Amino acid sequence: MESFFTRYRNALVLITVLLAQVIGLAVQVRRPGTNPGDKQGVRLIRSWVIGVVAPPERLLHWTGLSIRGVWSDYIDLVHVRRQNRRLRAQLGQVRLEEDSLAEDARQAVRLQALLGFQEKYIYKTVAAQVIGTSGTEQSHVLLIDKGAGSGLKPDMPVITPDGIVGKIRDVFAHTSQVLEISDETSGAGVILVNTRIEGVLTGNTWGQPQIVNVSPDDRIKAGEPVITSGGDGIFPRGLAVGTVDRIAPNPEGTLVNVLVKPAANLSALEEVLVITSTGSQMPVPMQQDLTQAVRTADILASRLPSANTPGTPPAQASGAASASASANTLPPAPPPPPPPIHPDRYSAGGVPPASDLTPGQQITSTAGGTAPMQAPGPAPASAGTSTAASKKRAPSPHTRGTSPSPTRQTPPHSGNPPATEPAPQPQGGR
Amino acid sequence: MPLLASSRHEVGTQSHPWVVYVLAPVLAIGLQSFVSLHFPAFDLVDLPLLVTIYYAITRREPVSATVVGALMGIAQDALTHHPLGIFGICKAIIGYMAASLGVRLDTENHGSRLLLIFGFTLEQTAIFWLLQRKLLGQPFAWHWIHELVRAVVDSLVGVILFALLDLIRKRE
């Protein structure tokens with residue numbers, strides 16, 4: 001018996017080691033639906049290994065940041081002034097855009113409250129440095145330098161200002177593992193912004209995020225933005241995910257997979273934000289920003305010359321300021337027409353809008369242009385009250401015959417508009 | 001180019017300072033994790049596998065090579081989200097086979113080292129595929145070209161790394 005163990009010692013050791021690990025695998029693998037966390041023993045082993053690996057990585061990362069900081073903060077300052085000017089200009093533009101969107105945001109909040117829609121706002125985030133990876137292609141996992149001591153918990157979403165990164169997988173005392181959205185075992189609820197198609201985002205074998213099992217749709221085009229839908233209960237709704245890269249057929253059926261180019265640069269992450277707290281009420285700083293944005297819009301409305309077109313009500317002027325704020329994204333508006341030297345009823349603004357007129361009413365010339373004249377009899381029932389109908393309807397013989405007016409000016413051409421058709425209004429305010 | 005061992009010197013065990021045996025695995029795991037963060041293409045290289053092979057072919061003891069391979073693999077698993085033991089099984093088998101082949105091959109030869117690393121890299125992927133797909137039922141796709149490129153890169157890096165580790169051995 002002794003000779004057997006001596007003779008096959010190597011093979012027996014190999015079999016023992018393999019068998020122990022296979023049993024260990026069987027213990028770790030769980031059925032779907034059970035608690036996905038590791039057992040205590042497995043956590044302990046992971047904690048030991050990360051405890052050995054993380055401190056040197058943290059030191060190396062800190063050293064690299066320090067060297068880079070010394071270089072960029074004290075030596076490489078050649079283009080700082082130019083960059084500062086450009087950033088100030090960008091900041092001004094962003095403020096204008098914020099003003100233009102503030103009212104929309106307030107309205108959206110009111111509508112959501114009316115609908116009972118539970119929006120999730122980000123209350124608190126924790127910034128963390130990425131200090132390592134799993135080191136293998138088969139596992140898209142990051143190691144960050146914040147752990148349970150900073151309030152991190154499993155399944156907390158991890159983002160950057162550009163877009164989502166993943167979620168916390170395992171938390172240790174001073175470090176945490178982050179499962180990236182590019183991993184095959186990850187999942188996030190997303191929605192295509194233009195087509196409003198919802199789906200589940202997961203990684204493919206090449207480490208690129210993709211929305212799986214989507215019904216083929218010609219409306220899905222490359223470049224369409226993708227955001228989180230909030231349906232997974234992890235990521236708040238509306239966070240940037242990326243843009244549609246291309247569509248690939250799903251090998252397992254007639255559905256397709258939509259490959260997504262992530263907004264966050266997953267291959268060069270240095271700092272991430274962990275969302276540690278969310279809520280359904282808009283946070284106070286955001287409310288203050290919105291209030292400040294509306295005030296700024298009012299100030300701009302009073303200062304911008306284009307917003308103060310004569311005759312424009314203050315409310316429209318404010319709206320005009322908001323519209324001018326987004327002028328960088330819209331084509332330039334045509335200039336308002338010059339005031340007529342001899343105004344008539346064809347002059348801009350010379351005819352009141354159709355909503356102010358009564359069917360059958362005649363237009364009279366006034367010093368400032370034209371004015372409606374009281375109709376002699378009751379309006380015909382067929383005229384109706386719809387402005388659109390009176391716009392489309394041709395002048396009826398009844399109207400012409402029963403109310404001949406000497407003051408009515410016949411246009412010199414045959415294609416004259418009916419008397420009730422409003423003249424084009426000046427495009428002021430832009 | 002003779003690849004088989006032909007003298008007692010070529011099949012004799014080689015030793016390193018004990019510091020190397022402690023530091024090399026830790027450095028391999030740490031560098032693999034850190035360098036891949038800044039150079040994503042470094043994922044093609046598997047430093048823990050190279051250290052396992054080097055230890056096995058220089059010590060030529062299947063038992064210790066198996067245990068070292070298993071420990072290296074489990075440490076590698078700990079940094080991933082996989083269950084512990086996937087890489088542990090892969091590297092335990094490779095450590096055992098490398099140590100067994102190290103007795104018969106001239107492991108001082110760069111050509112034999114190149115072929116060994118090439119073959120073991122492919123073998124590790126094959127075992128990984130088998131465990132992931134058949135044992136755990138997890139998704140894992142095999143792409144031949146990618147795996148061949150990975151094996152070639154691993155072989156070239158391995159030959160250079162082994163030469164550097166040989167320098168440490170010769171200094172003692």
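**Figure 1. The buried interface between chain B and chain A in a predicted model.** Together, chain B and chain A bury about 3,900 Å². Of this area, 68% lies on carbon and sulfur atoms. The accessible area lost when parts come together is a frequent way of giving the size of an interface. To this contact chain B contributes 45 residues and chain A contributes 44 residues.

**Figure 2. Polar contacts and the chain B side of the interface.** Across the interface of chain B and chain A, 21 residue pairs are in polar contact, both residues of each pair being at pLDDT 80 or more. On the side of chain B that touches chain A, the elements giving two or more residues are α2 (18-38), α4 (62-78), α5 (86-104), α6 (110-135) and α7 (144-171) of chain B. The residues on this side of chain B comprise 27 nonpolar, 15 polar and three charged.

**Figure 3. The salt bridge between R150(B) and E137(A).** Side chains of opposite charge can pair when their charged atoms come close. One salt bridge is found across the interface of chain B and chain A. In the pair formed by E137(A) and R150(B), the closest N and O atoms are 2.8 Å apart. This salt bridge joins two chains, because E137(A) lies in the loop between β1 (121-133) and β2 (141-144) of chain A, whereas R150(B) lies in helix α7 of chain B. E137(A) has a relative accessibility of 22% and therefore counts as partly exposed. R150(B), at 8% relative accessibility, counts as buried; the cut-off for buried is under 20%.

**Figure 4. The salt bridge between R150(B) and E147(B) within helix α7 of chain B.** R150(B) also meets the side chain of E147(B) in a salt bridge, with an N to O distance of 3.1 Å. Both residues belong to helix α7 of chain B, where R150(B) and E147(B) are three residues apart, or about one turn of the helix. R150(B) and E147(B) are both buried. Elsewhere, in chain A, salt bridges with shared partners connect R43(A), R169(A) and D170(A) in one network.

**Figure 5. The salt bridge between D217(A) and R219(A).** A search of the whole structure yields 10 salt bridges over all chains. One of the salt bridges in the structure pairs D217(A) with R219(A), and the closest N and O atoms of this pair are 2.8 Å apart. The relative accessible area of D217(A) is 22%, so D217(A) is partly exposed.

Definitions and conventions: Residues numbered from 1 in each chain as written. Chains lettered and ligands numbered in written order. Predicted model: local features only at pLDDT ≥ 70, side-chain atom pairs only at ≥ 80, totals over all residues. Heavy atoms only, no water. Contact = heavy atoms within 4.5 Å. Buried area = accessible area lost by both parts, 1.4 Å probe. Salt bridge = Lys/Arg side-chain N within 4 Å of Asp/Glu carboxyl O. Polar contact = N/O pair within 3.5 Å; in protein donor to acceptor, adjacent residues only side chain to side chain. Helix = DSSP H or I, 4+ residues; strand = E, 2+ residues; numbered from the N terminus. Nonpolar A, V, L, I, M, F, W, Y, C, P; charged D, E, K, R; others polar. Buried < 20%, exposed > 50% of the residue type's maximum accessible area, 1.4 Å probe, protein only.
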